[in-house]
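Please look through the sequence and the model below with some patience, following one part of the chain at a time. The report after them starts with a pair of rings and then widens to the strands and the whole chain.

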Amino acid sequence: DSLETVTMDIKARLSGYSAPADDYLIRDVSVSPSSVELTGPAEDIARISQCVVEKDIDQELTSSYSETLPIQFLDVDGNELDLKYVARVTIPILKKKVVPVRLDFINVPEGFPVGQLSFHISNEEIEVAGPAEAIDRYKEIPLGQIDLRTLDIGMTESFAVELPTGFVNTQNIQSVLVQLNSEGMVSKNFNVSTILINNVPLNYQATATTQEIP
């Protein structure tokens, strides 16, 4: 008989497992290796219809499950063939958590009451999921920085939602819209006529070339 080589995907048939639906997220099962290469007489290779790893776990999971299982090679009738291989299956289990978003500010003038600014945020909280040991330490989702030098009445800005590697955005919220609540605010221009120079290094002289800013 002639030799033949085929590559077959390994299918996982796992049953009997669950996770608390409100607090955890079950991800797709992964198999390592994901495929197997077989070489043998063409007649024997032709008998193989599929290869699977199978187990009834019968367990509620609150963390990722991983186990090495024997690979079963089945013919077209579902009968197991006598071939010995193993593969490792993993069921990723992620813990859910609702996390608030956080805005930061830069170029804040000394004494400016930034805490009195009010913003409308399209999503003040976002549900995410991640490994249990990491999600418990995850407190906020930093959106980005607002530059007070560019802040103006009617300001609206969109911030991308970025999560740590291995985390999942369960609500698929890709961006958050932030709008300044400018009710009761007015805009006004001032002429600056007193320009002072501070912190001039020793043995240096400095002169302001602009005496007034309209």
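Tyr138 counts as buried in this predicted model, because its relative accessibility is 13%, where buried means under 20% relative accessible area, exposed means over 50%, and partly exposed lies in between (1.4 Å probe, protein chains only). Phe167 is buried as well, with a relative accessible area of 15%. Tyr138 and Phe167 form an edge-to-face aromatic pair, with 5.1 Å from centre to centre and 65 degrees between the planes. The pair links distant parts of the chain, 29 residues apart, since Tyr138 sits in the loop between α2 (132-135) and β11, and Phe167 in the loop between β12 and β13 (168-169).

A few words on the basis of these values are useful here. Residues are numbered from 1 along each chain as its sequence is written, and side-chain values use heavy atoms, with hydrogens and water left out. As the model is a predicted one, local features need pLDDT of at least 70 and side-chain atom pairs count only at pLDDT 80 or more, while totals for chains, interfaces and linings use all residues.

A pair of aromatic rings is described by the distance of the centres and the angle of the planes. Rings of Phe, Tyr and Trp (its six-membered ring) pair if their centres lie within 6.5 Å, and planes under 30 degrees apart count as stacked, over 60 as edge-to-face and the rest as tilted. A search of the whole structure finds two aromatic pairs. Phe105 and Phe119 form a tilted one, at 5.8 Å centre to centre and with 40 degrees between the planes. Phe105 lies in strand β8 and Phe119 in strand β9, so this pair ties together parts that are 14 residues apart in sequence. Phe105 counts as partly exposed at 27% relative accessibility, whereas Phe119, at 16%, counts as buried.

The strands and helices named here are DSSP runs numbered from the N terminus (helices are H or I with at least four residues, strands are E with at least two), and two strands pair if DSSP finds at least two bridges between them. Strand β8 (residues 93-106) has several such pairings, including those in the table.

| Strand paired with β8 | Bridges and direction | A bridge partner pair |
|---|---|---|
| β2 (residues 24-26) | three bridges, antiparallel | Tyr24 and Lys95 |
| β10 (residues 125-130) | six bridges, antiparallel | Lys95 and Gly130 |
| β11 (residues 141-147) | six bridges, parallel | Val101 and Ile141 |

Leu25 is placed in strand β2. Apart from residues up to four places away in sequence, Leu25 touches Pro92, Ile93, Leu94, Lys96, Ala129, Val168 and Thr170, where contact means heavy atoms within 4.5 Å. The C-alpha atoms of Leu25 and Asn169, which are 144 residues apart along the chain, are separated by 11 Å.

Strand β9 belongs to an open sheet of three strands, with the order β9-β14-β12 and antiparallel pairing. Within this sheet β9 (119-121) and β12 (156-160) stand at the edges, each with a single partner strand, so one side of each is left without a neighbour in the sheet. Strands β9 and β14 (residues 175-180) are joined by three bridges, and in β14 the bridge partner of Ile121 is Val178.

Elsewhere, Arg13 lies in strand β1 (residues 3-18) and counts as partly exposed, at 36% relative accessibility. Its C-alpha atom is separated by 4.6 Å from that of Glu54, although Arg13 and Glu54 are 41 residues apart along the chain. The side chain of Arg13 makes a polar contact with the side chain of Gln50 at 3.3 Å; a polar contact is a pair of N or O atoms within 3.5 Å, where, within protein, one must be able to donate a hydrogen and the other to accept it, and residues adjacent in sequence count only if both atoms are side-chain atoms. Gln50 is also among the residues touched by Gln72, which lies in strand β6 (residues 65-74) and counts as buried at 18% relative accessibility.

Taken as a whole, the protein has two helices and 14 strands, and buried residues make up 27% of its 214 residues. The C-alpha atoms fill a box of roughly 100 × 45 × 30 Å along the principal axes.
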